[in-house]
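The following exchange examines how the terms applied to a structure follow from its computed values.

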Amino acid sequence: METAVGTTAEQQTPAGRTRPGHVRTAPWHWALALAGCGAVVATALAASPATGTPVPLHGTPKPVPASSAPDPAKAQLPLDCGPFPVKAVAGLTADLGDGRAGTVVAAHCAAENGTPPDAVYLLGGTADRPVVLATLLSERENLTVSRLNLRSDGTITARAQGYSSDDVPRFRPDISLDLTWTRKGGGWARTQTAAPISVV
């Protein structure tokens, strides 16, 4: 199942944020990003409404109507965008195996220029009251997501591109990664491999 990349949704960021969301990271962040192949996202995928404890996930993931899944336009995504709105650039909705609809969304700050990096979040809750269950990719890694997919085994995949330094032109990324998130305990484990660079 593949997302329809290009559909967008916007939200206003909470007041009081001042740092522009398109600020680039220093080169040392890349060392951390590229070394994070076995990093575990230490956030529970689902929690019991009564106790807040992780709920084991079983079953086969299946697509669900977007209208019944958490709406990213109504979520308070934890992006620091200052005066700019948050824009969802790609997403997928599915029952990830726990019997409840979830949304995986890639979003960035809708800055007026530049190439703002994306973050990827897993949303739970309801269509009208979505909550962020996990941050799968932080905007601090300075990557732009071009594709999100959900495999039949429940693995989430993405293609992302970025820059090895601030000297690389923004129109010609020199790093391309295939990202994979698999369930591990109550969270998600991420792996990544180098991918061909798309020439625009």
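Q: What makes the charged end of Arg170 count as sitting over the ring of Tyr163?
A: In this predicted model, the charged end of Arg170 is 3.7 Å from the centre of the Tyr163 ring. The rule asks for CZ of Arg within 6 Å of the ring centre and within 35 degrees of the ring normal, so the pair is counted as a charge over a ring.

Q: Why is a set of 24 residues called a nonpolar core?
A: The term requires buried residues of nonpolar or aromatic kinds joined through side-chain atoms within 4.5 Å, and therefore the set of 24 residues qualifies. Those with the most contacts inside this core include Val104, Leu136 and Trp188. Among the elements giving two or more residues to the core are strand 4 (86-95), strand 7 (130-137) and strand 10 (175-184).

Q: Which other core lies apart from it?
A: Another core, of 13 residues, lies apart from the largest one and has Leu77, Cys81, Val86 and Tyr121 among its members.

Q: What does Val120 touch beyond residues up to four places away in sequence?
A: Val120 touches residues including Val105, Ala134, Val145 and Leu148. Contact means heavy atoms within 4.5 Å, so each of these residues meets that limit with Val120.

Q: How many aromatic pairs are there by the ring-centre rule?
A: The count is zero. Pairing needs ring centres within 6.5 Å, so no counted rings satisfy that rule.

Q: What is the order of elements in the protein chain, from the N terminus on?
A: The order is β-α-β-β-β-β-β-β-β-β-β-β, which comes to one helix and 11 strands.

Definitions and conventions: Residues are numbered from 1 along each chain as its sequence is written. This is a predicted model: local features need pLDDT of at least 70, side-chain atom pairs count only at pLDDT 80 or more; totals for chains, interfaces and linings use all residues. Side-chain values use heavy atoms; hydrogens and water are left out. Helices (H or I, at least four residues) and strands (E, at least two) are DSSP runs, numbered from the N terminus. Buried means under 20% relative accessible area, exposed over 50%, partly exposed in between (1.4 Å probe, protein chains only). Rings of Phe, Tyr and Trp (its six-membered ring) pair if their centres lie within 6.5 Å; planes under 30 degrees apart count as stacked, over 60 as edge-to-face and the rest as tilted.
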